[in-house]
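Trainee: Hi, have you got a few minutes to go through this structure with me?
Mentor: Sure, pull it up and we'll start at the end of a helix.

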Amino acid sequence: MAPWYEAAEFYHIYPIGLCGAPARNEQEEVTHRFDVLTEWLEHAADLGFTAVYIGPLFESTTHGYDTRDYRKVDSRLGTNEDFRRFVSLCHRQGIRVVVDGVFNHVGRGFWAFQDVKANRHGSRYKDWFHIHSFPVTLDPPNFDGFGIGPGMPKLNTQNPEVKEYLLGAVAKWTRTGIDGWRLDVSDEVDSDFWRDFRRTVKG
């Protein structure tokens, strides 16, 4: 039997834009916007879609791909529990859920990168990134970034601590009942990480 995703009709949701969330995440409190996504979910079901690809979802500063926290839903959208309820609702309507996995790079506001900026050589996270010299400079950047530009620091996914952190987040979200991951710029991440990723998801 063919895998479910080969026959699925996917509906793509970019939640930050669809919900009308602010372009910059500068709020201190959570805004619950999953009710907007729920309305669109019903629309997608009426159109005959059988899967939703939604993302990016995790806490970020601007567009969603500049992640600040992999273990937390973006506060402009809601809470982790809001997302769990959304997944359950999707499944009750016979719709699978695939989320965006952005594991190659983070935003400059990512907590470990902020620690490196502040503590330089003394940061325990200095080897989480590809930094060429200290102190960290942003203009011009002295660290490796996402392939199309230097704005988002590239993670060192060969570092065991980075792997443990990311794969812990992967396991957490997989346990919410999601049906799959879309892997952002997967060609820029080392293959050993993807082997461990697959074992984590299958486990």
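Mentor: Let's begin with Asn159, which caps the N-terminal end of α6. A side-chain oxygen of Asn159 lies 2.7 Å from the backbone nitrogen of Glu161. Keep in mind that this is a predicted model.

Trainee: Thanks! How many residues does α6 have, and how far does it reach?
Mentor: Helix α6 covers residues 160–174, which is 15 residues. From first C-alpha to last it reaches 21 Å, close to the 21 Å expected at 1.5 Å a residue.

Trainee: Which residues of α6 are buried?
Mentor: They are Val162, Lys163, Tyr165, Leu166, Leu167, Ala169, Val170, Ala171 and Trp173.

Trainee: And what do those buried residues pack against?
Mentor: Both strands and helices. The strands are β3 (58–60), β4 (67–73) and β6 (180–183), and the helices are α4 (80–92), α5 (111–119) and α7 (191–202).

Trainee: Changing topic, how many aromatic pairs does a search of the whole structure find?
Mentor: The search finds 27. Take Trp111 and Tyr165: their ring centres are 5.5 Å apart and their planes sit at 80°, so this pair is edge-to-face.

Trainee: Where in the chain are those two?
Mentor: Trp111 is in helix α5 and Tyr165 is in helix α6. They are 54 residues apart, so the pair links distant parts of the chain.

Trainee: Is Tyr165 buried or exposed?
Mentor: Tyr165 is buried, with a relative accessible area of 10%. Its partner Trp111 is partly exposed, at 33%.

Trainee: Got another pair for me?
Mentor: Try Tyr125 and Trp128. Their ring centres are 5.1 Å apart with the planes at 85°, so they are also edge-to-face. Tyr125 is buried at 15% relative accessible area, and Trp128 is buried at 4%.

Trainee: Back to α6 for a second. What lies over the face of Trp173?
Mentor: That's Lys172, at 5.5 Å from the ring centre. Trp173 itself is one of the buried residues of α6.

Trainee: Last one: where does Arg108 lie?
Mentor: Arg108 is in the loop between β5 (96–101) and α5. Arg108 is partly exposed, with a relative accessible area of 30%.

Trainee: And how far apart are Arg108 and Arg124?
Mentor: In space they are 17 Å apart, C-alpha to C-alpha, and in sequence they are 16 residues apart.

Note on methods: Residues numbered from 1 in each chain as written. Predicted model: local features only at pLDDT ≥ 70, side-chain atom pairs only at ≥ 80, totals over all residues. Heavy atoms only, no water. Helix = DSSP H or I, 4+ residues; strand = E, 2+ residues; numbered from the N terminus. Expected span 1.5 Å × (residues − 1). Buried < 20%, exposed > 50% of the residue type's maximum accessible area, 1.4 Å probe, protein only. Contact = heavy atoms within 4.5 Å. Polar contact = N/O pair within 3.5 Å; in protein donor to acceptor, adjacent residues only side chain to side chain. Phe/Tyr/Trp six-rings, centres within 6.5 Å; stacked < 30°, edge-to-face > 60°. Lys NZ or Arg CZ within 6 Å of the ring centre and 35° of its normal.
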